[in-house]
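Biologist: Please take a close look at the surroundings of one single side chain in this model, and then work outward from that part to the fold around it. I would like the reasoning spelled out wherever a label depends on a cut-off.

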Amino acid sequence: MKVLIVVRTLKIGGMERVAVNLADAFAEQGHESHLMYFKPRPPQLAPSNERVNVHHFTLSRAMWTSGVGGIIEVVARLLNSVLRKSYFLLSGWWGGKLFRREIRRLERQYGTFDRIIFRGIGTFETVWSFQDSRACYVLENIVKAPPGHAAWLERLKARCLFHNKHLVTVSHGVEQQIATVLQTLQVKPLSLRTITNPCPLATIRKAMCEDIPERPPSPYLLNVARLVPQKNHHLLLRAYAKMHTTLPLVIVGEGPLRAELEALAGELGIATRVTFVGRQLNPYPWMHHARLFILSSAHEGLGIVLLEALACQTPIVSVDCPGGVRDIMAGELEAYLCDMTPEALADRVDAILEADGYAIDERWLERFSPAHITTAFLQEMPAQ
């Protein structure tokens, strides 16, 4: 079958990495796999399977060169200066029409796509007027209920993005939360179901063997995440300051909070034991050599980094945050969840280290095999 995965960018991030992994998975299962992105953000990710067809559709350029699109772009920006967060209304309406034109062009060259999979709300916004029975829209994270003063705009936005569309969530926790919010916003999708993210074991285990000279030679604790509020690094640093362990903490990732977090590490007296190594195109060697992987997020759609760490044969511990973490931390792994407080996280990490970690069961990863995920996406769309 022919499958097209659409994502706004291929920047180094969890959602983008999953999109690439999914494109690889379809190719590996013998399908004709296509991956489209709209905006270059170097350094960027790329499929490992050479059979994946990668398409760069420069949507912004198409907007400006499509005649009326330039006028729409100017009006959209003016409207956004008056009504914050309204830019997508006009730009995404025209973007959807340009996207349909690009799909027709690709299908003249490659044939008809059987499934079109959009990943991420940022992607939905850019082409929201596109409507097609073959399309499904993957929600990577929870959607927050809007405050009262902004409810009408959020209701309009939700209607544009989600109404009469096939929605897919990456975890059951996200599905339950999304269903509640959409009901509140009076938005009715064509369908809503959960298809989790793939964890490509073979690819990860090959990549984790790469030599990284700047990696610490001694054991360390690890977190891999963008330095943004959602990832809750403030809690992680406060928890680390309370831990009894002498192992250093390594944080892989970049983001707008870096200077603030480095300052907090200094205030807590742990700056010499915390290393911020920035963005890493290949985080898997860092995971493989860590003593323990720690997730401290305020919320997670699924928490794919937990699966990746397990695939790298590294024990994991996580705060019990809203979203999909419990889809991973189930069964025996539930013992390595803790309350979302610095004290609880510090106690749980110290206890795991004192027990010298724990053995990793390969069966924990079976539900996330690429073969299972691709099969689920190609099943007939459910009726409402």
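**A methionine and its surroundings**

Modeller: Leaving out residues up to four places away in sequence, Met-329 is in contact with Leu-306, Ile-316, Ser-318, Glu-334, Tyr-336 and Leu-337. The model is a predicted one, and what follows should be read with that in mind. Met-329 sits in the loop that runs between helix 13 (325–328) and strand 13 (337–338). Although Met-329 belongs to a loop, its relative accessibility is 0%, and Met-329 therefore counts as buried, since that label is given to residues under 20% relative accessible area. As a spatial reference, the C-alpha atom of Met-329 is 9.9 Å from that of Gly-303, a residue 26 positions away along the chain.

A second buried side chain, this time in a helix, can be set beside the methionine. Phe-99 is placed in helix 4, and because its relative accessible area is 0%, Phe-99 is likewise buried. Once neighbours within four places in sequence are set aside, Phe-99 has contacts with Leu-4, Val-6, Met-36, Phe-38, Phe-57, Phe-118, Val-127 and Phe-130. For Val-127, one of these partners, the C-alpha atom lies 6.7 Å from that of Phe-99, with the two positions 28 residues apart along the chain.

The helix that carries Phe-99 also packs against another helix. The axes of helix 3 (residues 68–82) and helix 4 (residues 87–110) come within 7 Å and cross at roughly 165°; because that angle is over 145 degrees, the two helices are described as roughly antiparallel to each other. The crossing of helix 3 past helix 4 is left-handed. On the side of helix 3, the contact is made by Val-68, Gly-69, Ile-72, Glu-73, Val-75, Ala-76, Arg-77, Leu-79 and Asn-80, and helix 4 contributes Tyr-87, Leu-90, Ser-91, Trp-93 and Trp-94. Sorted by class, this contact between helix 3 and helix 4 holds 9 nonpolar, 3 polar and 2 charged residues.

Another helix pair has a perpendicular arrangement. Helix 1 (residues 14–28) and helix 15 (residues 370–378) have axes that come within 9 Å and cross at roughly 90°, and these two helices are therefore roughly perpendicular to each other. Leu-22, Ala-25 and Phe-26 make the contact from helix 1, while Pro-370, Ile-373, Thr-374, Phe-377 and Leu-378 make it from helix 15. The residues of this contact divide into 7 nonpolar and 1 polar, with no charged residue among them.

A strand residue adds a further view of the surroundings. His-166 is found in strand 6 (residues 166–169), and with a relative accessible area of 10% His-166 is buried. Apart from residues up to four places away in sequence, His-166 touches Ser-133, Ala-135, Cys-136, Tyr-137, Leu-190, Ser-191, Met-381 and Pro-382. Met-15, by contrast, is separated from His-166 by 151 residues in sequence and by 19 Å in space, C-alpha to C-alpha.

Several loops deserve attention for their backbone. The peptide bond leading from Pro-42 to Pro-43 is cis, with omega near -5°, and Pro-43 lies in the loop between strand 2 (32–39) and strand 3 (53–56). Asn-232 has a phi near 60°, which is a positive value in a residue other than glycine; its place is in the loop between strand 8 (221–224) and helix 9 (233–242), and at 17% relative accessible area Asn-232 is buried. Asp-356 also has a positive phi near 60° without being a glycine, and its loop is the one between helix 14 (342–354) and helix 15. With a relative accessible area of 60%, Asp-356 is exposed, whereas Asn-232 is buried.

Finally, these parts can be placed in the protein as a whole. Its secondary structure comes to 15 helices and 13 strands, and the C-alpha atoms fill a box of roughly 60 × 50 × 40 Å along the principal axes. A compact globule of 384 residues would have a radius of gyration near 21 Å, and the 21 Å of this protein agrees with that. Of the 384 residues, 56% count as buried, Met-329 being one that carries this label. Among contacts with a separation of 6 or more, 72% join residues that are 24 or more positions apart.

Key:
Residues are numbered from 1 along each chain as its sequence is written. This is a predicted model: local features need pLDDT of at least 70, side-chain atom pairs count only at pLDDT 80 or more; totals for chains, interfaces and linings use all residues. Side-chain values use heavy atoms; hydrogens and water are left out. Axes are lines fitted to C-alpha atoms, for helices over the stretch in contact, and angles run from 0 to 180 degrees between N-to-C directions. Helices (H or I, at least four residues) and strands (E, at least two) are DSSP runs, numbered from the N terminus. Angles under 35 degrees count as roughly parallel, over 145 as roughly antiparallel, 65 to 115 as roughly perpendicular and the rest as oblique. Contact means heavy atoms within 4.5 Å. Ala, Val, Leu, Ile, Met, Phe, Trp, Tyr, Cys and Pro count as nonpolar, Asp, Glu, Lys and Arg as charged, and the others, Gly among them, as polar. A crossing is left-handed if the near helix is turned anticlockwise from the far one by less than a right angle, and right-handed if clockwise. The radius of gyration is taken over C-alpha atoms; the globule rule is 2.2 Å times the number of residues to the power 0.38. Buried means under 20% relative accessible area, exposed over 50%, partly exposed in between (1.4 Å probe, protein chains only).
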